[in-house]
Amino acid sequence: EGGGNMAASGAAQLEDWCGPEGPGAGGLTLLGAAPGAPSCPHGPALLFVKTNQGEEEGRRFYACSACRDRKDCNFFQWEDEKVSETRLAAREEYNRNHQPSFTHRHNVERYKNFVLLPLSKRRFCQECQQLLLPAEWEKHLDHRFLCGISTAQLKNPSRLLYPLENKKTNAQYLFADRSCQFLLDLITDLGFRRVLSVGTPRLHEMIQSKTSQEENSRVRSLLLDIDFRYSQFYTEDEFCHYNMFNHYFFGGEAARETCRKFLCQDSGEKIIMVTDPPFGGLVEALASSFKKLMAMWKETEKAGHNNQEMPMFWIFPYFFESRILEFFPSFSMMDYQVDYDNHALYKHGKTGRRQSPVRIFTNLPPSMIVLPVEEGYRFCSVCQRYVSSGNQHCEICDSCTSKDGRRWKHCVLCKKCVKPSWFHCNSCNCCALPNHTCEKTDAGCFVCGKAGHKRSACPSLSRT
């Protein structure tokens, strides 16, 4: 699930690739997936362009879709680079060697044998993050392992597995029970019976657990996640090894077909996609993959649904609102604060700037999203949506304007509401923190050198 590097986003993240073989300093822009792109262990690489100051056209290169840090995956190739047959063969061998040792099908068979073992013989290697059969014990003698793995532990693998906390690669922070239960209750109350869980393992396992315990529970879930460890606990109809940054199914056409079948199994059951990506991920890449999943659903839908958009909850920090709306104009941001078990800051109940910045973005009508009154949320009859207690309606803006849970104030000069700690700066002609550094009017764009815009908005750089 989400969490992760809150400060880094967009083109600035790509500078992690700078190094002896990398593009060096300069403007960097994602161009997206490209036909015939080379692959690394994480699937097809994405195409980027690096532009030096004063240049109109930059040099294009491929880099890993999933890893922002080259220490995790150092794949790099210029688009116009001629790669020798020897190097291609070595790359293919490297990619094969960096795939999981067991296939998903093999893991399913191992799980069936594991559950037949008496409790005293059920072991889990903490160092290898692997369920162990008795014949494998000897290889793990010097490792730390857990004994007596119960059925309850097997049904809650996110609590058994170590979270992958590399913030730029996996950023696997897991929903707290409060948020997870709220999401499931909301999904159920809205009448959804199928959930495409993209990078939300804890929500998936809560749905699976509810289904096995309650005979009348009709909610089903399919988990798409880059963490292959979950294949030890779920069948091929319950889990697909998936990279949400390049829409890549590691299981090939069979896994893609599993996803397609899950999306098209209608029989009157509504479906929703819930995703909680790493916060350090590129919004452009994520949006592209989500649109492809939506298109897959639309292709399977019956005639008459073609103009509809697949319902979706995208869980992300509030300060990415403009970026998400750029790709999904139909989305709106809810005030509900999503919190995480294994993150020190993203906790519900904190005040001021310590409140969780994580929100739910959705294409469902805001009036349909009922937030818990007992947690301080209330319904604004003017905005026709639930808002947090500190989010007061501004008569001038005619909207509940707060984004971070605090009460914002209206600036007459800026003609909008701003954070309570901000003050209007006459030099910058906008509101900012009191100790901010005023922008130099003579400083031009880093890419083209012209004044009037920043690098991220440079017209010389193509958009996704």
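Biologist: Why is there no bond between the sulfur of Cys438 and the closest cysteine sulfur, in Cys425?

Modeller: A disulfide is called when a pair of cysteine sulfur atoms lies within 2.5 Å. Here the sulfur of Cys438 sits 3.7 Å from the one in Cys425, so that is too far for a bond. Before we go on: this is a predicted model, where local features need pLDDT of at least 70 and side-chain atom pairs count only at pLDDT 80 or more, while totals for chains, interfaces and linings use all residues. Residues are numbered from 1 along each chain as its sequence is written, and side-chain values use heavy atoms, leaving out hydrogens and water.

Biologist: How many disulfides does that rule give?

Modeller: The count is 0. Cys64 is in no disulfide either, since its nearest cysteine sulfur, that of Cys40, is 3.7 Å away.

Biologist: Is Cys64 buried or exposed, and how does Cys438 count?

Modeller: Go by relative accessible area: under 20% is buried, over 50% exposed, and in between partly exposed (1.4 Å probe, protein chains only). Cys64 has 0%, so it is buried. Cys438 has 35%, so it counts as partly exposed. Across the chain, 50% of the 464 residues count as buried.

Biologist: What does the secondary structure of the chain come to?

Modeller: Helices are DSSP runs of H or I with at least four residues, strands are E runs of at least two, and both are numbered from the N terminus. This chain has 9 helices and 25 strands.

Biologist: At what angle do helix 5 and helix 6 pack?

Modeller: Fit axes as lines to the C-alpha atoms over the stretch in contact, then take the angle, 0 to 180 degrees, between N-to-C directions. Helix 5 (residues 177–189) packs on helix 6 (residues 201–213) at about 60°, with the axes 10 Å apart. So helix 5 is oblique to helix 6, oblique being what is left once you take out under 35 degrees (roughly parallel), over 145 (roughly antiparallel) and 65 to 115 (roughly perpendicular).

Biologist: Which residues in helix 5 and helix 6 meet?

Modeller: Contact means heavy atoms within 4.5 Å. Helix 5 brings Cys180, Gln181, Leu183, Leu184 and Ile187, and these meet Arg202, Leu203, Met206, Ile207 and Lys210 of helix 6.

Biologist: Where does Thr258 lie, and what is it in contact with beyond its neighbours in sequence?

Modeller: Thr258 is in helix 7 (residues 252–264). Its relative accessibility is 17%, so Thr258 counts as buried. Setting aside neighbours within four places in sequence, Thr258 touches Leu222, Glu236, Asp237 and Cys240.
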